[in-house]
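The exercises below ask you to read a protein–DNA model step by step, each with a worked solution. Please look through the sequence and the structure before starting.

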2 protein chains.
Amino acid sequence: MNVNNKSNKKRRRRTPEEARASIMEVAAERLGRLGLDGLNISGVAKAAGMSHATVIHHFGSTGAMREALLQKMTRELLSDVMEALQHEQSADKVLERLFSTLSRDGHGKLLAWLALDSQLAGFDSTTSTGDLFKNIIDSIASESGSRTDAKHQVYLVAVAALGLGICGEVLAKLVGLSEKEAGQFPSWLAEHLQTL
Amino acid sequence: MNVNNKSNKKRRRRTPEEARASIMEVAAERLGRLGLDGLNISGVAKAAGMSHATVIHHFGSTGAMREALLQKMTRELLSDVMEALQHEQSADKVLERLFSTLSRDGHGKLLAWLALDSQLAGFDSTTSTGDLFKNIIDSIASESGSRTDAKHQVYLVAVAALGLGICGEVLAKLVGLSEKEAGQFPSWLAEHLQTL
DNA sequence: GTTATTATCAACATTATTGTAGATAATGAG
DNA sequence: CTCATTATCTACAATAATGTTGATAATAAC
């Protein structure tokens, strides 16, 4: 009569890479939906359809799993930005692309989490990142204006994209922006920056 | 010889208001330094020099304590903004004040937490807030430009202040802004907005 | 002083989460 | 098929956080 609870579902044996990948996928979704609280072993494991012991087996600990996810997302963010900028020439286009990339795909949220969570080893302002921004600024400064102005423009785009990525919807509602107007904001900003 | 652990420190009996106030104070400090993780009963109680049962006695539960703190901070943010704007006339000054107020005192962090934490009952876009922004936009639109432009300007200031409040230091370093240049950013932005 | 109130605490109970250990089964190699 | 590897699971242990209870002491009112 199958009174005991032994569930008789078959085990699925994944390759290590496959297992890690699906764990990362589920964890990313939960990070976006639930915030850092969503990144606990139990919850992630359950959502991924495996026991939490399995997750620990693959990552070693909760902290290591979090770190792995955030490193992966940081890599993706950087590569997104670099790829977006590689093929743009004019300064205003560069800023527009930078803005749209940073404000998309939860990149803003990611950076905010990195900045807000005291436990995480802060953003490594490693060589590649620094070089990236240096190149952007060089290209803008060479076109027109001072170097300080160029820095300020990039800074503005970065902080605005960040804020938009985090609180964009809420603030749009508060300010009274219609959906259409909100959609026009990136190009409005780009156009505006061009006229410096 | 006092072998036993009975600590013989006297109890301090605070008024309920006093107790709640010092708990809020400690909690705010911890929120700024440790993030939302710092807002647990045990930690707050220990930092405030009382047992966690006492904190529960005054607020009912951990969740209620968090909510109380965040409501208090939200009230303060709104009153800060309103007060800052009440005595400004020209549009660019209004935007400058809005920016500086939002980017100060961890207001950006607060908004980010509200937006990022899924458990919290989201920002209540209550009447007063909506009216506040409506007034700002009216005053800017009346001076010059279209209403949509005014909204976009306010939106830009808001998201930028937010981003600055969260990741300002990190991004400044990344972009290569010197401390002096970073300090000039608000006025640079105000001047820039003026030229629309 | 006596009493009533209640802020405070220590100790316990409960729950959630993390991590560990040993058993089991899926898969590939031979 | 047989064997070795190891991904996976269940069950347990350890820890931490939350909330409850009953006792205690500080303060105000009388």
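**Exercise 1: The contact between the two chains**

Task: describe the salt bridges, the polar contacts and the extent of the contact between chain A and chain B.

Solution. Begin with the charged pairs: in this predicted model, two salt bridges are counted between chain A and chain B. The side chains of Glu181(A) and Lys151(B) meet in a salt bridge, with 3.3 Å from N to O. Next, take the polar contacts, where the count between the chains is 12 residue pairs, both residues being at pLDDT 80 or more.

Then ask which parts of chain A are involved: α1 (16-34), α6 (107-116), α7 (127-143), α8 (147-175) and α9 (179-194) each supply at least two residues of the side of chain A that touches chain B. The largest share of that side comes from α8(A), with 22 residues. Sorted by class, the side of chain A that touches chain B holds 30 nonpolar, 13 polar and seven charged residues.

Finally, turn to extent. In all, 50 residues of chain A are in contact with 50 residues of chain B. The area buried between the two chains is about 4,700 Å², and carbon and sulfur atoms give 73% of that area. Leu116(A), Tyr155(A) and Leu174(A) supply 17% of the area that chain A buries against chain B, which is more than any other three residues.

**Exercise 2: DNA strand D**

Task: find which residues are closest to DNA strand D, and which of its atoms they approach.

Solution. Start from the list of neighbours: 23 residues surround DNA strand D, and the closest are Arg11(A), Arg14(A), His57(A), His58(A) and Arg11(B). Of the atoms of the strand that come within 4 Å of the protein, sugar and phosphate account for 63%.

Now look at single distances. An N or O atom in the side chain of Arg11(A) is 2.8 Å from a base oxygen of DNA strand D. In chain B, a polar backbone atom of Ile41(B) is 3.3 Å from a phosphate oxygen of the strand, and an N or O atom in the side chain of Ser42(B) is 2.9 Å from a phosphate oxygen.

As a last step, assign the surface to helices: α3(A) gives the most to the surface near DNA strand D, with four residues. By class, this surface has seven nonpolar, 10 polar and six charged residues.

**Exercise 3: DNA strand C**

Task: repeat the analysis for DNA strand C, beginning with the residues that come nearest.

Solution. Of the 23 residues around DNA strand C, Arg11(A), Asn40(A), Arg14(B), His57(B) and His58(B) come nearest. Three side chains of chain B can then be followed to phosphate oxygens of the strand: an N or O atom of Arg14(B) lies at 2.6 Å, one of Thr54(B) at 2.9 Å, and one of His57(B) at 2.5 Å.

The elements giving two or more residues to the surface near DNA strand C are α2 (41-48) and α3 of chain A, together with α1 (16-34) and α3 of chain B. Of these, α3(B) gives the most, with four residues.

**Exercise 4: Confidence in chain A**

Task: decide where in chain A confidence is highest and where it is lowest among the elements.

Solution. Chain A averages a pLDDT of 84, and 89% of the residues score at least 70. Confidence is highest in α3(A), at a mean of 97, and lowest in α7(A), at 79. Over residues 1-7 of chain A the pLDDT is below 50, and this stretch has one contact in the model beyond near neighbours in sequence.

Notes
Residues numbered from 1 in each chain as written. Chains lettered and ligands numbered in written order. Heavy atoms only, no water. Contact = heavy atoms within 4.5 Å. Buried area = accessible area lost by both parts, 1.4 Å probe. Salt bridge = Lys/Arg side-chain N within 4 Å of Asp/Glu carboxyl O. Polar contact = N/O pair within 3.5 Å; in protein donor to acceptor, adjacent residues only side chain to side chain. Nonpolar A, V, L, I, M, F, W, Y, C, P; charged D, E, K, R; others polar. Near = heavy atom within 4 Å. pLDDT = per-residue confidence, 0-100.
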